[in-house]
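Work through the exercises below with the model open. Try each task before reading its solution.

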Amino acid sequence: MLPNLPFGAALTLALLLSACGKQEAVGDVPSSEELAQQADAASQAIRDEAEAAEGEGTTTIDLATLDSYANALRGYTIMVPGGWTVDKAASDDNGRVYTDAESGAKLAVSWVENREDAAWSKSVQAVEDGSDAMEGAPVGKNEYRASGILTNGQKSSQRLLRKPDGTMVQAEISYAADQAKATDPLASTILESLTLQ
């Protein structure tokens with residue numbers, strides 16, 4: 001006569017007994033050498049894909065070719081390509097406008113008084129109410145970025161930074177949209193270099 005077992009123990013015992021004698025086919029399992037070859041092939045494919053991605057459209061910006069523009073009066077700095085010239089008529093104590101004679105690209109950077117956040121709101125509203133091609137988004141409380149292709153065929157990238165005193169610095173770089181693949185990395189480097197002092 002079998003002893004009385006609780007239901008859980010009886011179920012466990014039944015499962016163990018039913019598993020006895022079952023065998024799995026091992027003929028289809030790859031050898032360790034085959035597994036190693038498959039792993040090597042997968043690893044090489046990943047490396048090849050990464051190298052291809054690095055080679056496509058990536059441009060490394062040589063920071064040594066950039067000059068620094070520092071506006072001590074307004075408290076900000078930004079990097080500018082060395083060959084770009086200052087548009088003296090469009091520049092003042094608040095900022096500068098630079099142009100590249102070869103490509104027609106233009107960089108405008110300026111301090112704005114921003115009374116009661118009116119200039120900040122106006123700049124953000126201009127992006128959000130303007131062309132559908134321009135898209136912008138806040139990056140934290142005191143930064144706003146936007147980019148897109150304008151109706152004149154120029155690509156525009158903008159960065160706004162609000163200073164602790166409420167004033168703001170606005171940088172915008174524009175260039176021909178058909179040059180975007182080559183110029184986007186430079187534009188990104190320039191805007192990233194905008195720093196408040």
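**Exercise 1. A helix on the sheet.** Which strands does helix α3 lie across, and at what angle does it run to β7?

Solution. Start with the ground rules. This is a predicted model, where local features need pLDDT of at least 70 and side-chain atom pairs count only at pLDDT 80 or more, while totals for chains, interfaces and linings use all residues. Residues are numbered from 1 along each chain as its sequence is written, and side-chain values use heavy atoms, with hydrogens and water left out.

Step 1. Locate the helix: α3 covers residues 118-129. Helices (H or I, at least four residues) and strands (E, at least two) are DSSP runs, numbered from the N terminus.

Step 2. List the strands: α3 lies across β5, β6, β7, β8 and β9. Contact here means heavy atoms within 4.5 Å.

Step 3. Read the angle: α3 runs at about 30° to β7. Axes are lines fitted to C-alpha atoms, for helices over the stretch in contact, and angles run from 0 to 180 degrees between N-to-C directions.

Step 4. Add α4, which packs on the sheet and touches β5, β7, β8 and β9. The direction of α4 makes about 170° with that of β9.

**Exercise 2. Strand order.** Give the order of the open sheet and name its edge strands.

Solution. Step 1. Trace the seven strands: β3-β4-β5-β9-β8-β7-β6, with antiparallel pairing. Two strands pair if DSSP finds at least two bridges between them.

Step 2. Find the edges. β3 (85-86) and β6 (135-138) each pair on one side only.

Step 3. Check the neighbours of β5. Strand β4 (residues 95-99) pairs with β5 over five bridges, and Thr99 has Lys106 as its bridge partner. β5 joins β9 (residues 168-176) over seven bridges, with Ser110 partnered by Gln170.

Step 4. Inspect the β4-β5 hairpin. Six residues lie between the strands, and Gly104 in the turn has a positive phi of about 85°.

Step 5. Move to β7 (residues 143-149), joined to β8 by seven bridges. Arg145 stands opposite Arg159 of β8.

**Exercise 3. Faces and core.** Sort the residues of β5 by face, then say which core members touch the most others.

Solution. Step 1. Split β5 (residues 106-112). Leu107, Val109 and Trp111 form the covered face; Lys106, Ala108, Ser110 and Val112 form the uncovered one.

Step 2. Define the core: a set of buried Ala, Val, Leu, Ile, Met, Phe, Trp, Tyr and Cys residues joined through side-chain atoms within 4.5 Å. Buried means under 20% relative accessible area, exposed over 50%, partly exposed in between (1.4 Å probe, protein chains only).

Step 3. Read off the hubs. The largest core has 22 residues, and Ile78, Trp84, Leu107, Val109, Ile173 and Leu194 touch the most other members. β1 (66-71), β2 (76-81), β5, β9 and α4 (180-193) each give two or more residues. α4 gives the most, with five.

Step 4. Note the second, separate core of eight residues, including Val127 and Met168.

**Exercise 4. A loop threonine.** Is Thr167 buried or exposed?

Solution. Step 1. Place Thr167 in the loop between β8 (154-162) and β9.

Step 2. Apply the cut-off. Thr167 has 7% relative accessibility, so Thr167 counts as buried.

Step 3. Find its polar contacts (pairs of N or O atoms within 3.5 Å; within protein, one must be able to donate a hydrogen and the other to accept it, and residues adjacent in sequence count only if both atoms are side-chain atoms). The Thr167 side chain has one of 3.1 Å to the side chain of Trp111 and one of 2.6 Å to that of Asp165.
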